[in-house]
Amino acid sequence: MNKWVYAFGGGEADGRADMKNLLGGKGANLAEMSRLGLPVPPGFTITTDVCTYFYDHGKQYPPELSGHVRAALDAVEKLTGMRFGDPSDPLLVSVRSGARASMPGMMDTVLNLGLNDETVEGLARKTGDARFAYDSYRRFIQMYGDVVLGVEHYRFEDVLDNVKRDRDFTLDTQLTADDWREVITGYKDVVKEELGQPFPQDPEAQLWGAIGAVFGSWMNQRANTYRRLHDIPASWGTAVNVQAMVFGNMGDDCATGVAFTRNPSTGANAFYGEFLVNAQGEDVVAGIRTPQPLTVAEREEGGSDLPCMEETMPETYAELAAIRDRLERHYTDMQDIEFTVQQGRLYILQTRNGKRTAAAALKIAVDMAGEGLIDETEAVRRIDPASLDQLLHPTLDPKAERQVIARGLPASPGAASGKVVMTADEAEKLAQMGERVVLVREETSPEDIHGMHAAAGILTTRGGMTSHAAVVARGMGRPCVSGAGELRIDHKNRTATVKNVVVKAGDIITLDGSTGEVMLGRVPTIQPELSGDFATLMEWADRIRRMGVRANAETPADARTAIKFGAEGVGLCRTEHMFFEADRIVAVRRMIVAETEEERRKALDELLPMQRRDFVELFTIMRGLPVTVRLLDPPLHEFLPRSEADFADVAKASGVDVLKIQHRASQLHESNPMLGHRGCRLGIAYPEISEMQARAIFEAVVEVASQSGDTVSPEIMIPLAFSKAELDILKAVIVRVAGEVEKASGTSLDYLVGTMVELPRACLLADELAETAEFFSFGTNDLTQTTYGISRDDASSFLPAYQGQGIVEQDPFITLDSVGVGELIRIGCERGRKTRPDIKLGICGEHGGDPASIRFCESVGLDYVSCSPYRVPIARLAAAQAALAAK
Ligand code: PEP
Ligand code: MG
């Protein structure tokens, strides 16, 4: 026979903590606490299976359910010595939802159930407090009326307001017992008027009404939305918890509160919480009265002048503090506890793993491992890698007020405040004068780089998570919000407008690149702390992980950040990003618009020393760690001259007429630059470009060896190849140049030549490619783009509609599509290994820093992941968790 109902109370329980799927989180923990002998008011849990049955059978219950509920209620009556519906000493119950995963506030709750015109008199007589009894009854009618009967909340509010107005009262506390009786009469009239029936007086009918409402609320719109946002399947269902009421509002020896076994914002190992004397649970949350601190330490720290529980109820407090220790040792995690004190007696109403900030999570995990409550592996498992983001950048002070005016994509984490500027030149100019600026643009391009560097933060109105602004900003560690589409930029008037807020150039705004929020004014920030617990946890993670973690870095600043965050090498040095500086972009443009090899070589000769200098600097910072240098891969639209000034600069540098440059630029203009003349196609058409780059790399290796003695073994990567033939041609150039440099310098060079796998064809022909390539690095930005046939720059305009309709669950440019793109990677790895069993395999698309994608990388056995420097710690932790999950 099915068991639909699980009882708890009196030191026993049918259920256990590990039965969350059946009993919901709340029910399972109530059972567990009851088994532990903690003072839990007795009750029972109707299982999530009943919820499933209910929805599978046209909202009917299993036929045995009513018998099971009655039996469980009998047991509660026995334990409490009270009877449900007893006119002289009525048992009252609460009815609450409780799903497998916590869904705070999403479903319904009914308190004080069992009160009616008769039992309320019994309660008044028994407690000797008529005011309390009537107040409880009116709360019940209001809650039940709202939740179960569907009477709109305001109808009850109106009745209460009228009574208060008649008596010139402002506070609920001014109402006497008689006043509450009048309110009750009014409430009952409202129900009758709305439903054409009186308020239900039969406690059993009330109970079934409430149970039905809780099961019904599983499918309400709020709960549906919450489930969708948190990936909770509708099939899980909710349980219903029916529990004997205890009252924190029966006088000054009563109280109710919430406690955390450790501080949820700092993680400090100190009891922490708040409580209210003579109040019901909802009053703490409602924020009408200011709650009091639990402990003396907390009172002193918070500068509160309210008396704390430790002082006003020392014995009950001591009992609660002992329960704190017990629960934490039992659950081996920080607990969030709800309690009530009824006439000096303590009851625990709920316990669950408490929510905490990233900093607190880290401290708690490391401390608990130190205390022997958990081991290091468990500590590593407990931290959400993505949450580390909060710790790596200066972040907005959580206590500060923020006036959000717009939202975009959280493109590059961290917080930044500054004056609004609308051009890169302006950004640079003001920054040189010591101003902090936020660069606001429709989108950015390489000529904005100096401005992006100069800016404290970047805001764009177009573009997704892998748009130019997003990628460059993440690389630089600049906070960036991209694609804030509600914002309209008016360059003529130098304003950005959103709804009716007009932000002028020079006004101060704040960006939160971790949430995508754009705020008016300056919001204060706090600095990250990378030592202590952070360093300890990272060390533990490093011991566990199998995959290496490298960084995508090209500038010295990026490389230093990468080292600081523990990168084990550079997995992608985008050489075209090294040309963004104002003095180089002209030479690069000259190279691009050149019509003859001779012209091009002139520009390349100018670039060679700069490029060599860059590599010397990069290799020196990386101190012999592996560095993967990608040959030039410039999507042309990012590099062609655009403005009059650009044309003039390039014309001057090339010594030709402006018109000629303009003509050449329009000749080179592409309809689909992302699929255009970029990647290795450039080197195939103009091998002298690859030749210059190879020379710069090898000469830098020689120079670094002679300067610092570090042996650098560069990994030269050919981008966007779809055939072995391309690799053969370019590898020949590289090998030839290497030979020349070896000869000239008298040193022998150690290097690899590999390819970036960014096209489906490259995955399918990986066995052939691996004949030439000594390593593969999956460029999943382009691989996603080319697998889906969706432009990485434009996807943000229609992906939300796709996500809204459930066609794609996550943005595939953020989280790797493991079934489609992932299948190609699997094939690529398998075929590559077939030809070259020890082929080195990595990933360097943005997915290399995304925890879910990192799990995928572990599953196909990649050797390393590479991500932007600020994501390195996230990747280290995620790689460790992936290794644990794979065991
Ligand atoms: C990629 O395509 O995944 C990649 C890392 O290269 P880029 O973003 O520079 O095209
Ligand atoms: Mg690419």
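## A guided tour of the predicted model

Welcome! Start with the charged pairs: counting each Lys or Arg side-chain nitrogen within 4 Å of a carboxyl oxygen of Asp or Glu, the chain has 61 salt bridges. Keep in mind throughout that this is a predicted model. Side chains of opposite charge can pair when their charged atoms come close.

**The whole chain.** Zoom out before picking out details. The C-alpha trace of the protein chain spans about 105 × 60 × 55 Å along its principal axes. Colour by secondary structure and you will find 36 helices and 34 strands. Of the 887 residues, 57% count as buried.

**Stop 1: helix α5.** Select residues 130–147, which make up helix α5, and show the side chain of Asp135. Which residues does Asp135 bridge to? One partner is Arg138, with the closest N and O atoms 2.9 Å apart. Another is Arg139, where the closest N and O atoms are 3.5 Å apart. Asp135 and Arg138 are separated by about one helical turn because they are three residues apart in this helix. Asp135 and Arg139, at four residues apart, are also separated by about one helical turn. Asp135 and Arg138 are both buried, and Arg139 is buried too.

**Stop 2: Lys164.** Move along to helix α6 (residues 153–167), where Lys164 is found. Is Lys164 buried or exposed? Lys164 has a relative accessible area of 12%, so it counts as buried. Show Asp172 as well: the two side chains make a polar contact at 2.6 Å.

**Stop 3: a bridge between a strand and a loop.** Now select Lys419 and Glu435, a salt bridge whose closest N and O atoms are 3.1 Å apart. Lys419 lies in strand β17 (residues 415–421) and Glu435 in the loop between α17 (424–432) and β18 (437–441), so the pair ties together parts that are 16 residues apart in sequence. Both ends are partly exposed: Glu435 has a relative accessibility of 29%, and Lys419 has one of 26%.

**Stop 4: Ala557.** Helix α21 (residues 556–564) holds Ala557, which counts as partly exposed at 43% relative accessibility. Try a distance from here to Arg543: the two are 14 residues apart in sequence and 27 Å apart in space, C-alpha to C-alpha.

**Stop 5: a salt-bridge network.** Select Glu597, Arg601, Arg612, Glu691, Arg695, Glu699, Arg736 and Glu740 together. These residues are linked in a network of salt bridges.

**Stop 6: ligand 1.** Show the 13 residues around ligand 1; those that come nearest are Arg574, Glu758, Gly779, Asn781 and Arg792. Oxygen atoms of the ligand give you several distances to check. A polar side-chain atom of Arg630 lies 2.9 Å from one such oxygen. A backbone N or O atom of Thr780 is 3.0 Å from a ligand oxygen, and a polar backbone atom of Gly779 is 3.3 Å from one. The protein covers 96% of the 290 Å² of accessible area that ligand 1 has on its own.

**Stop 7: the magnesium ion.** Select ligand 2. Which residues are its protein donors? They are Glu758 (OE) and Asp782 (OD), lying 1.9 to 2.0 Å from the ion. Glu758 sits in the loop between β31 (752–757) and α30 (760–764), while Asp782 belongs to helix α32 (residues 780–788), 24 residues apart. Both donors are buried.

**Last stop: a nonpolar patch.** Finish on the surface with Phe798, Tyr802 and Ile807, which make a nonpolar patch of about 280 Å². Phe798 is in the loop between α32 and α33 (799–804), and is partly exposed with a relative accessible area of 32%.

Note on methods
Residues numbered from 1 in each chain as written. Chains lettered and ligands numbered in written order. Predicted model: local features only at pLDDT ≥ 70, side-chain atom pairs only at ≥ 80, totals over all residues. Heavy atoms only, no water. Donors = N, O, S within 2.8 Å, 3.2 Å for Na, K, Ca; no water. Helix = DSSP H or I, 4+ residues; strand = E, 2+ residues; numbered from the N terminus. Buried < 20%, exposed > 50% of the residue type's maximum accessible area, 1.4 Å probe, protein only. Patch = residues over 30% accessible without salt bridge, like charges linked within 9 Å, V, L, I, M, F, W, Y side chains within 5 Å. Areas by Shrake-Rupley, 256 points an atom, 1.4 Å probe, with all protein chains shown as cover. Near = heavy atom within 4 Å. Polar contact = N/O pair within 3.5 Å; in protein donor to acceptor, adjacent residues only side chain to side chain.
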